[in-house]
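Dear colleague,

Here is the structure I promised to pass on to you. Please open it alongside this message, and my notes follow below.

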2 protein chains.
Amino acid sequence: MARKRQKLSITSLGGVGEIGKNMTVYRYGDDIIVIDAGLKFPEEEMLGIDVVIPDITYLLENKDKVRGIFVTHGHEDHIGGLPYVLKSLNVPVYGTRLTLGLIEAKLKEHGLADSTKLNQMDGDTVVQAGVFRVSFFYVNHSIPDTGGFAIETPEGLVVHTGDFKFDHTPVDGRPADLHKLASYGDRGVLALVADSTNAEREGYTPSERVVGARIDEIVMQAPGRIILATFASNIHRLQQVVESAERHGRKVAVVGRSMVNNMQIAAQLGYLQVQPATLIDADDIGKFPPEKVLILSTGSQGEPMSALTRMARGAHRKIEIMPGDTVVLASSPIPGNEKYVFRTIDQLFRAGANVIYRGVHASGHGSQEELKLMLNLTRPQFFLPVHGEFRMQKTHAELAQSVGVDPENIFILGLGDVVEFGNGRAAVAGRVTAGTVMIDGLGVGDVGNIVLRDRKLLSQDGILVVVVTLSKETGRILSGPDIISRGFVYVRESEALLDEATKLVEATLTRLVSDNVSEWSSLKTAVRDTLGRYLYEQTRRRPMILPIIMEA
Amino acid sequence: MARKRQKLSITSLGGVGEIGKNMTVYRYGDDIIVIDAGLKFPEEEMLGIDVVIPDITYLLENKDKVRGIFVTHGHEDHIGGLPYVLKSLNVPVYGTRLTLGLIEAKLKEHGLADSTKLNQMDGDTVVQAGVFRVSFFYVNHSIPDTGGFAIETPEGLVVHTGDFKFDHTPVDGRPADLHKLASYGDRGVLALVADSTNAEREGYTPSERVVGARIDEIVMQAPGRIILATFASNIHRLQQVVESAERHGRKVAVVGRSMVNNMQIAAQLGYLQVQPATLIDADDIGKFPPEKVLILSTGSQGEPMSALTRMARGAHRKIEIMPGDTVVLASSPIPGNEKYVFRTIDQLFRAGANVIYRGVHASGHGSQEELKLMLNLTRPQFFLPVHGEFRMQKTHAELAQSVGVDPENIFILGLGDVVEFGNGRAAVAGRVTAGTVMIDGLGVGDVGNIVLRDRKLLSQDGILVVVVTLSKETGRILSGPDIISRGFVYVRESEALLDEATKLVEATLTRLVSDNVSEWSSLKTAVRDTLGRYLYEQTRRRPMILPIIMEA
């Protein structure tokens, strides 16, 4: 067999060593395809940042090679980065019908809908993208129309799972495509690139129908109104809620922008079946007896502006929590959100509601037995655990080992790491540029570490601005020094402290000026040092000190 | 029976509707006793705040009536507020030996050790504090020498549980005092004031010995060094770790200030038994083979400056994580700390350690069956669920109902709510001043909502300072305007934006000055409005804008 000069390379620009902003890049020679383009929500330290997207410098450096972006499903951590990516990389986008529907809505918000080519895929579609031959297989997840990609390359077949679980009694009647996965395994899979989210969880993830059964139980027993909050993208769950309501004679009102929008798109595209008479307007809730009402709402994560959170605070324009209400959080707090969720739950209890916040959820990601099933169906030669933080990837790697994958053939990628496959072998072969781009307002990537560091400092002890006007001729003080503080102390109670501080600055400057020190940087440094020391002694706080010198 | 004119009142100044800063106040006529004086760690929104303590205005208004502070155990949320309280309320403090030992160390830091009267209590002590006759009973918890108080009042006996679990195989051989609790129940308990922390958990909380067994398993099997992080105050757990190490021939090095301090106090007072040859200095770790070393460390909560977190970051002066190390987190993330803990775990995995972070912990608080046991032993007429967030108090109230307490006799207190007992009846009778005092550096309570609001604003989009010097005579611009920003944009890349902004401010001021507007407040408002609007249009960000006018 002639030695091929090219190699297949796989790189992750997002979603490894982290949860969020998923983006995997496949390259063979001059052909590149991208799987997913997600966003991530900011870490706590990323003060003032709105969203985070992958650094796509590598793709921009190879702009002419990118043949298309294939999207596994419509969750934000897989499509949220698309508007930003497409602005500088206008390539065709491939996905299933619901996925494209959600993408289109997003592109419209960014004014990119007309300029983007959206190509629908289903279980039969085969796309030739450069040297890559890409087909699609369905899996189960917490949003319908989800799947993975089987990517044929000159080196062999790669199976990219996307986010998946195996739900044997799925709400839409379409289980994950075991037969296709088995056929890939029969043909021979070079590499499996798989979802590690729940690798630490033993056993199986329960079927979505289990949640539906629990919801039905609650709907049947609730004495008054029901307010149910869940993930707006979990159409299967919304379907089961709607069916329960219909079964038990309740009208359904929908509140919360993303819930309304998602249900509209899902219904229009045929993914959600609702009887015409079921839905009522939020304004008409009062026209029905409480036990005939179910309100479907956003806010299961305690998001500050969501409908449920506003209801809990007594700040929702149309809905007020009443004793007798049953509030259901059909969800689980995403790590980091626990405090917000529990705060909302406490407020709902105080408002007199009966709150059910446990046992009404099932994850969209497979647990250990399902991950092993995927491995045994596809029987890959090489294994790349992705979509997870490091410990999840590591645990997934151990699972792969336990079912027989050679540990030498398992690669735990970090952002930008490149694994190359050639002539039946694979090895890590360097890194490409990869990382994080922070978006704040309209600015993409302009807020970096320095700005964040300053925001952090300001958030801890505030700022002290020291202004003084010096004479152009003599260098003497013409006006000031004046000290203005924000976020440091409560000014009305700290006059003595600030007076002393002002005198100290005046003395410092006067002394330096009479010593003929006129360099502004020296004057500023002296003010910063003297004042900083004084304030720390007095208060044990370190506000940012900003000396400003004017000349007149 | 002559009608008593006085009533017994119970109020919580901390620890209800929240976790932390516990403080319960019992009053009868002119006698007040306080149970516990804790602190709480700041919420996320309390930017720059160090700790939070109860607002004791009510106690200060009744200074002459306070007979003493009784402390249930040595955790920060029960003793952390003492130094601040004692500064303005110098009353005797009562507690067990270990509790007083920990309190004394704390008072020394604040220079209050000499002026405070510390009175030791044990199972036999009875203290007459005004009209209250206070005795102590032991319970089990995650720190030794913990108990509750039986408070005899003219209205009847109140049992204040403090934090408790029922551990039938406790490490120190002293189970909770079931017999005393039963005797209280026999005598007749007016009210039970009980710990609601784990009211949502079904079943029983496992014994601390279960954790010891698991630790022993790990110590036996670990191939190389062991680094074990746990709560420094959990002396029972430290005892089991030390015993395991001794049993398996390992030396123990202790790192982390609070771990070193707590172990010293516990050993000195006889609560921790360590064989002389067991402990080694951190500097001597290298002198022993890895499989003969166990390092006991702080950092089980991912605290930024703790020993384990620094090791994980590669920033610990003495200890570097090596492949072959087994790191054990014998703990569970306190709600809110999950991200920090998992970040540390990922870093430890990356550094090559085998990390065990599940299944090596048992809570110090009783679950539902233990809470019901406490209720059935004491058989109180009235029930006050405390020490928990609202949903925990509510669930605890439901448990009390389920064992037969009349729902009318159950009171879920909020901060400051007063429950009065008189003539066999009880009712909520108004509120006293209660709330939160935030401590930042040396300042106690001076940082309030305004300062926090400013810090929040500053943390989101930074600050723009606009300085201009106007002529005293003509009002015209002498110098500036100059714009200095921090935390808003990366200045080097945003010169055009800031130049435009400066021109805009200049135009605005020039126009107003020529229109004879000289009121500084009007000038500042105009600058703030114009600049704010412009910046939002350009960036969708809202930095704080601070216009400063000087005269010369």
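In what order do the six strands of the open sheet in chain A follow one another? Please keep in mind that this is a predicted model. The order is β8-β9-β10-β11-β12-β19 of chain A, and the pairing within this open sheet is mixed. At its edges stand β8(A), which covers residues 126-129, and β19(A), which covers residues 380-386, and each of these pairs on one side only. From one strand to the next, the twist averages 20°.

If you would like to follow the pairing residue by residue, a convenient place to begin is β8(A), which pairs with β9(A) (residues 132-138) in the antiparallel sense over four bridges; there, V126(A) has S135(A) in β9(A) as its bridge partner. Helix α5(A), residues 178-187, packs on this sheet and touches β9, β10, β11 and β12 of chain A, with a direction that makes about 140° with that of β9(A). Another helix, α12(A), lies across β12 and β19 of chain A and runs at about 160° to β19(A).

Turning to chain B, I looked at an open sheet of three strands, which has the order β25-β24-β26 and mixed pairing. Because β25(B) (477-486) and β26(B) (544-551) stand at the edges and have a single partner strand each, one side of each is left without a neighbour in the sheet. Neighbouring strands here are turned against each other by 15° on average, if direction is ignored. Strand β24(B), residues 463-470, pairs with β26(B) in the parallel sense over eight bridges, and within that pairing V465(B) has L546(B) as its bridge partner. Helix α15(B), residues 520-539, packs on the sheet and touches β24, β25 and β26 of chain B, its direction making about 145° with that of β26(B). Helix α14(B), residues 495-514, lies across β24 and β25 of chain B and runs at about 140° to β25(B).

The next part concerns how the two chains meet. In this model, 66 residues of chain A are in contact with 66 residues of chain B, and the area buried between the chains is about 5,700 Å², of which carbon and sulfur atoms give 56%. Between chain A and chain B there are 25 residue pairs in polar contact, counting pairs with both residues at pLDDT 80 or more. The elements that give two or more residues to the side of chain A that touches chain B include α12, β24, β25 and α15 of chain A, while α10(A) gives the most, with nine residues. By class, that side of chain A has 27 nonpolar, 14 polar and 25 charged residues.

What, then, of the charged side chains? Side chains of opposite charge can pair when their charged atoms come close. The count over all chains comes to 58 salt bridges, and the count between chain A and chain B is 12. One salt bridge that you may want to look up joins the side chains of D440(A) and R541(B), at 3.4 Å from N to O. D440(B) likewise forms a salt bridge with R541(A), where the closest N and O atoms are 3.5 Å apart. This latter pair crosses between chains, from D440(B) in strand β22(B) (residues 436-440) to R541(A) in the loop between α15 and β26 of chain A.

With kind regards

Terms used:
Residues numbered from 1 in each chain as written. Chains lettered and ligands numbered in written order. Predicted model: local features only at pLDDT ≥ 70, side-chain atom pairs only at ≥ 80, totals over all residues. Heavy atoms only, no water. Contact = heavy atoms within 4.5 Å. Buried area = accessible area lost by both parts, 1.4 Å probe. Salt bridge = Lys/Arg side-chain N within 4 Å of Asp/Glu carboxyl O. Polar contact = N/O pair within 3.5 Å; in protein donor to acceptor, adjacent residues only side chain to side chain. Nonpolar A, V, L, I, M, F, W, Y, C, P; charged D, E, K, R; others polar. Pairing = 2+ DSSP bridges. Axes fitted to C-alpha atoms, helices over the stretch in contact; angles between N-to-C directions.
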